[in-house]
Amino acid sequence: MRRVKSDSSLDVGLTPGPDAGAATRSSTRPVRAHHGNRHGRSERARQAVLNAADDLLTERGFAGVTIEGIAAKAGVAKQTIYRWWQSKTDILMDAYLEDAAEDLVPADHGDLERDLRGYLHQLTRFLVETDPGEVFRALIGQSLHDPDVATVFRGRCVDAQRDRDRLLIERAIERGDLSADLDVNTAVDQLVGPIYYRILVTGQAVDPDFVDALVDSFLRHAGRGSQTE
């Protein structure tokens, strides 16, 4: 799990490398035990590269991230990075996918309203306040003017995120809490679309009241009035 940004300052930790004054990030991204794989990849080095990539993106923006900079911050050889990834975009996608898979798992309490509120608040916080969320926003921006990045990004990141966004609706249909005739894709658009729109387009705040109103509106139209009303 990546660290959450502080409102007062940007607390950027560094993995061991040649950067002066670097501090370890072991407390913010635990390294899991790993015994290697058929590519001979070191898990500790891999994690260091992923951490370095999104640190640099946070510090310098997408254009400021380079393979050379990642290698220096991670304390690995540039040739090592190129054995594992073809570009900085590939590294950033791997970093995002790993964190999203860990931090955006929808809870299953068997209660549609509770699960929806929890997940949408979780999603908003992830997109707005965390390093992986910033990586996701940067990749969206890059995909807008790079068709090759757009194709890979949609196939790897957007599709996976869409599956997570659909999961609560699909569970509710399986339980019989929502009609089997419900258009799941439209339901997901109604719930998460306004959140993405505010974060990525208008820059308006996505506060708890806004998120709760989305859930209330969805439940009313789905024939499930909010129990809090």
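# Reading a predicted helical model

Modeller: Arg 171 has its place in helix 7, which covers residues 147–175. Please note that the whole structure is a predicted model.

Colleague: Why does Arg 171 count as buried?

Modeller: The relative accessibility of Arg 171 is 18%. The term buried requires a value under 20%, so Arg 171 at 18% counts as buried.

Colleague: Which residues does Arg 171 touch, not counting residues up to four places away in sequence?

Modeller: Arg 171 touches Pro 106, Ala 107 and Asp 108. Asp 108 appears again in a network of salt bridges, which links it with Arg 171, Arg 175 and Asp 177.

Colleague: What makes up the protein chain, in terms of helices and strands?

Modeller: The protein chain has nine helices and zero strands. Its pattern along the sequence is accordingly written α-α-α-α-α-α-α-α-α. Of its 229 residues, 46% are buried.

Colleague: How many salt bridges does a search of the whole structure find?

Modeller: The search finds 14 salt bridges. One of them joins Arg 46 and Glu 98.

Colleague: What makes the pair of Arg 46 and Glu 98 a salt bridge?

Modeller: The closest N and O atoms of Arg 46 and Glu 98 are 2.9 Å apart. The cut-off for a salt bridge is within 4 Å, and therefore a pair at 2.9 Å qualifies.

Colleague: Why can one say that Arg 46 and Glu 98 tie together parts of the chain?

Modeller: Arg 46 lies in helix 1 (residues 43–60), while Glu 98 lies in helix 4 (residues 88–103), so the salt bridge ties together parts 52 residues apart in sequence.

Colleague: How do you know whether Arg 46 and Glu 98 are buried or exposed?

Modeller: Arg 46 has 12% relative accessibility, and Glu 98 has 16%. Each value is under 20%, and therefore both residues count as buried.

Colleague: What makes Arg 117 and Glu 113 a salt bridge, and where do they lie?

Modeller: Their closest N and O atoms are 2.8 Å apart, so the requirement of within 4 Å is met. Both residues lie in helix 5, four residues apart, which is about one turn of the helix. Arg 117 counts as buried at 14% relative accessibility, and Glu 113 counts as buried at 5%.

Colleague: Which helices hold Arg 162 and Asp 189?

Modeller: Arg 162 and Asp 189 form a salt bridge, with their closest N and O atoms 2.9 Å apart. This pair links distant parts of the chain, as Arg 162 is in helix 7 and Asp 189 is in helix 8, 27 residues apart.

Colleague: Why is Arg 162 called partly exposed?

Modeller: The relative accessible area of Arg 162 is 25%. Partly exposed is the class between under 20% and over 50%, so Arg 162 belongs there. Asp 189, at 41%, is partly exposed by this rule too.

Colleague: Why does Val 201 count as exposed?

Modeller: Val 201 has 57% relative accessibility. Exposed means over 50%, so Val 201 counts as exposed. This residue lies in helix 8 (residues 184–202). Together with Tyr 197 and Leu 200, Val 201 makes a nonpolar surface patch of about 300 Å².

Colleague: What joins the side chains of His 121 and Asp 212?

Modeller: They are joined by a polar contact of 3.0 Å. The distance limit for such a contact is within 3.5 Å, so the value of 3.0 Å satisfies it. His 121 is found in helix 5 (residues 112–129). Besides Asp 212, His 121 touches Pro 208 and Val 211. At 28% relative accessibility, His 121 counts as partly exposed.

Colleague: Where does the pLDDT stay under 50?

Modeller: It stays under 50 over residues 1–40, for which the model has 86 contacts beyond four places in sequence. Over residues 225–229 the pLDDT is also below 50. Where pLDDT is low, one should not read the predicted coordinates in detail. For the protein chain, the average pLDDT is 83, and 79% of the residues score at least 70.

Notes:
Residues numbered from 1 in each chain as written. Predicted model: local features only at pLDDT ≥ 70, side-chain atom pairs only at ≥ 80, totals over all residues. Heavy atoms only, no water. Helix = DSSP H or I, 4+ residues; strand = E, 2+ residues; numbered from the N terminus. Buried < 20%, exposed > 50% of the residue type's maximum accessible area, 1.4 Å probe, protein only. pLDDT = per-residue confidence, 0-100. Contact = heavy atoms within 4.5 Å. Polar contact = N/O pair within 3.5 Å; in protein donor to acceptor, adjacent residues only side chain to side chain. Patch = residues over 30% accessible without salt bridge, like charges linked within 9 Å, V, L, I, M, F, W, Y side chains within 5 Å. Areas by Shrake-Rupley, 256 points an atom, 1.4 Å probe, with all protein chains shown as cover. Salt bridge = Lys/Arg side-chain N within 4 Å of Asp/Glu carboxyl O.
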